[in-house]
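User: I am new to this structure and would like a close look at one part of it. Please take a single strand and what surrounds it, then place that part in the wider picture.

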Amino acid sequence: MARMKFLCDADRCIECNACVTACKNEHEVPWGINRRRVVTLNDGKPGERSVSMACMHCTDAPCASVCPVSCFYTTADAVVLHSKDLCIGCGYCFYACPFGAPQYPKTGNFGSRGKMDKCTYCAGGPEDDNSQAELDKYGRNRLAEGKLPLCAEMCSTKALLAGDGDIIASIYKERVAKRGYGSGAWGWKVAYKETIAI
Amino acid sequence: MTSMLSKVIRTGLLSLVFGLFVVAMPASAQQPSSVNPTAQSVKEAQLLDALKPGQSLAGRVSIPNKDAANLIQPGRDWRAFNQETLPRIGTIAILGVLALLVLFYLVRGKIRIDAGPSQMRITRFGSVDRFVHWLTATSFIALAITGANVTFGKSVLMPMMGPEAFSAWSGMAKLIHNYVGFAFMAGVALTFLIWVKDNIPGATDLKWILVGGGLLSKGTHPPAKRFNGGQKIVFWSVVLGGAFLSLSGWHLLFPTAEGMAEAQWHATLHGTVAFVMTALIIGHIYIGSVGMEGAFDAMASGEVDLNWAKEHHSLWVKEEMERKSGSRISGAAQPAE
C-alpha cells in the first residue's frame, strides 16, 4: 500500500486558488469552510512564495491523539479520516493540528461548532465507498475510483503533488536538481518528521 | 498627405524601437548567465528555525477566514500535555486525595462531637447561604464529571460502552458542560459576594492551621469564627479557582474569539485547575458528610448542633450568643453553659 502525501512546490505555485475552488466544488464543502487554502508568505516582497495547504495526513496525527471520542482512523493508504457520526464538535483537534486543518460549520456561541470537517484526501469517510451517505457527509471518494485528490490533479502548474510519498518526493527532487533551487517540502518536517533534502 | 505623414512616423518609430532592441542586446548578454530566482525566496527550513516556541509560520490568505493564514504551527506541546501530563495530574490528584481520605478515616475515624449532641440547635446557614452553596456544588459536580470524561472517558468508559454510545454520551456531556458552566459562574460570584466578609484571613486562622484544625487529635478544638482556617482555604480556592475556570472556560466556549495558541493555553489552564479543584472538593465533601458528625446539617437544614458549633466555631457561637436576638436557638430549654 502507498503512503499518501501532499507536496506543494512553492516555487511553482502561482496562487491561483484553483485547488481551493475545485475542492469546494467537488465536495460541496459547507459555507465558510475551506478544506484547502493558499497562504502567501512574504507577500509583496522579493522572494514571495505561495503554499497550498490542507490536512497533511500526518504520521502519528495529533488530531487523532487528542480526540476525546477517538473518531479518527488511518486508512491503509495512511490517509487520516474521521467519523462525523462519532465527532462531538469539541474543537480539540483544531487546537492540536499544526496546519489548522479541522474546521467547523458553525461558529455559534456556547461551543456549538457542529461536526468537524477537513480534507479527506478525496477518500470519503467510514461509510461504504461512493455511497450517498458518504457523499453527503464527506464529499466525493476519488481514491476509491482509482483517482488522486482533485486539487493536485487539476493544478495548472503542477505545483501541488499528491500520491505516494516516495514517488512525489522523487519528482520534487528531480525538479530541484534540474532548476537548481527549491524552497522546501512545506509541512513535511512537522507532518511526517522527515523532509526532502535539497 | 496625412496618410503619408503617418506612414513616415510609423516607420520612424518602428526603426527606433528596433534600434533600441539591437542596442539593448549586448547589454542583456552581459548580465549573469543564470539568475537564481530563489536567492531571496523564503525557505521552509529557515522560517521554521526562526520560530520561537508557540509561534506560527503565517502569511496572507485571500479567503475570509483569517485564521487560515497560519500555515504551520509546529508546536506539539499541547498534545503532549493533553495526552500525558493532564491525565497524570488528574490521576494523582483524584486517587491521591481518595487514598489520603481512606488513610485518614482508618486512623482518625469519623470525627464525633466530643461533648456529644446537645439537643440544642443554632442557625448556621440561612436559605440564601444554602441556595448559593448547592448551586455551586451541584453545578461543580456536573462539570467535574462531564469534564473528566474528556480526559479519561476514552480510556475508561469507551471500552465498556462502545464507540457509538460513548460518543452519544460525550456529546451530551459536552452540552451539559457548556451550559451548566454558567450556573457555576453565577454560583462562584454569589459565593464571593455573600461570604467574603467572613473569609478575610487573620491570626486566628494561622493558629487553626498550625494545629491542623484539631482534626488530627481528639479533643483539640482551636478557636474559629464563622469560618475556620480550613474553610477559608476552601473559600478562596473556590473563588480563585472558579474565576480561573470561568475565564478559561469562557474563552473555550466562544470559538470566534480564539486563536489556536490562545485556545491551547486556556485548555491547559482549565484542565489543570479543574483537577486540583476536584481533589480539594472531594476532601471538602468528605469532611462535610461522612467524615464529621453534625457537619452536614449546616448545609442541609442550616441548623447545627450547639455543641458541634462550640467545638468548631467557638468564637462565632460567642458572637451569636451576644446578639441572641439575631440567632434562634431551638430545642429543649437547657442552659447553654
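Analyst: This is a predicted model. Before the strand, a helix of chain B serves as a starting point for reading what is buried and what is not. The buried residues of helix α12 of chain B, which spans residues 314-322, are covered by parts that include β3 (120-123) and α11 (306-312) of chain B. Those buried residues are B:Trp316, B:Val317 and B:Glu320. They span an arc of only 100° around the axis, so they sit on the same side of α12(B). B:Lys318 and B:Glu322, on the other side of α12(B), are exposed.

Now the strand itself. Strand β1 of chain A covers residues 4-8, and 5 of its 5 residues are buried, so the strand is largely enclosed by the rest of the structure. From β1(A), A:Met4, A:Phe6 and A:Cys8 point one way, while A:Lys5 and A:Leu7 point the other way. In a regular strand, side chains alternate between the two faces of the sheet. In β1(A), the residues pointing either way are all buried.

The partner of β1(A) is strand β6 of chain A, residues 160-164; the two run antiparallel and are joined by 5 bridges. One of the pairings is that of A:Phe6, whose bridge partner in β6(A) is A:Ala162.

At the end of the strand, A:Cys8 deserves a separate look. Beyond its neighbours within four places in sequence, A:Cys8 is in contact with A:Cys13, A:Val51, A:Ser52, A:Met53, A:Ala159, A:Leu160 and A:Trp186. A:Cys8 also belongs to the largest nonpolar core, which has 80 residues. The residues with the most contacts inside this core are A:Cys8, A:Val51, A:Cys93 and A:Leu160. Helix α3 of chain A, residues 92-96, gives the core its largest share, 5 residues.

The next topic is the contact between the two chains. Chain A contributes 45 residues to it and chain B contributes 49. On the side of chain A that touches chain B, β2 (37-41), β3 (49-53), α2 (62-66), α3 and α7 (188-192) of chain A each supply at least two residues. The largest share of that side, 5 residues, comes from β2(A). By class, the side of chain A that touches chain B is made up of 22 nonpolar, 17 polar and 6 charged residues.

For contrast with the buried strand, consider a loop residue. A:Tyr181 is found in the loop between α6 (165-179) and α7 of chain A. A:Tyr181 has 14 C-beta neighbours inside 10 Å and therefore counts as partly exposed. Its C-alpha atom is separated by 16 Å from that of A:Pro46, a residue 135 places away along the chain.

Chain B as a whole has 12 helices and 5 strands. Of its 337 residues, 30% count as buried. Among contacts in chain B with a separation of 6 or more, 72% are between residues 24 or more positions apart.

Last, the confidence of the model. The scores are ipTM 0.91 and pTM 0.84. The average pLDDT of chain B is 85, and 83% of the residues score at least 70. Residues 19-29 of chain B stay under 50, and the model has 0 contacts beyond four places in sequence for them. Residues 331-337 of chain B also stay under 50 in pLDDT, with 9 such contacts. Where pLDDT is low, the predicted coordinates should not be read in detail.

Conventions:
Residues are numbered from 1 along each chain as its sequence is written. Chains are lettered from A and ligands numbered from 1 in the order in which they are written. A nonpolar core is a set of buried Ala, Val, Leu, Ile, Met, Phe, Trp, Tyr and Cys residues joined through C-beta atoms within 7 Å. A residue is buried if 20 or more other C-beta atoms lie within 10 Å of its own, exposed if 12 or fewer, and partly exposed in between; C-beta atoms are placed from the backbone. Helices (H or I, at least four residues) and strands (E, at least two) are DSSP runs, numbered from the N terminus. Two residues are in contact if their C-beta atoms, placed from the backbone, lie within 7 Å. Two strands pair if DSSP finds at least two bridges between them. The arc is that of the directions from the helix axis to the C-beta atoms. Ala, Val, Leu, Ile, Met, Phe, Trp, Tyr, Cys and Pro count as nonpolar, Asp, Glu, Lys and Arg as charged, and the others, Gly among them, as polar. pLDDT is the predictor's confidence in each residue, from 0 to 100.
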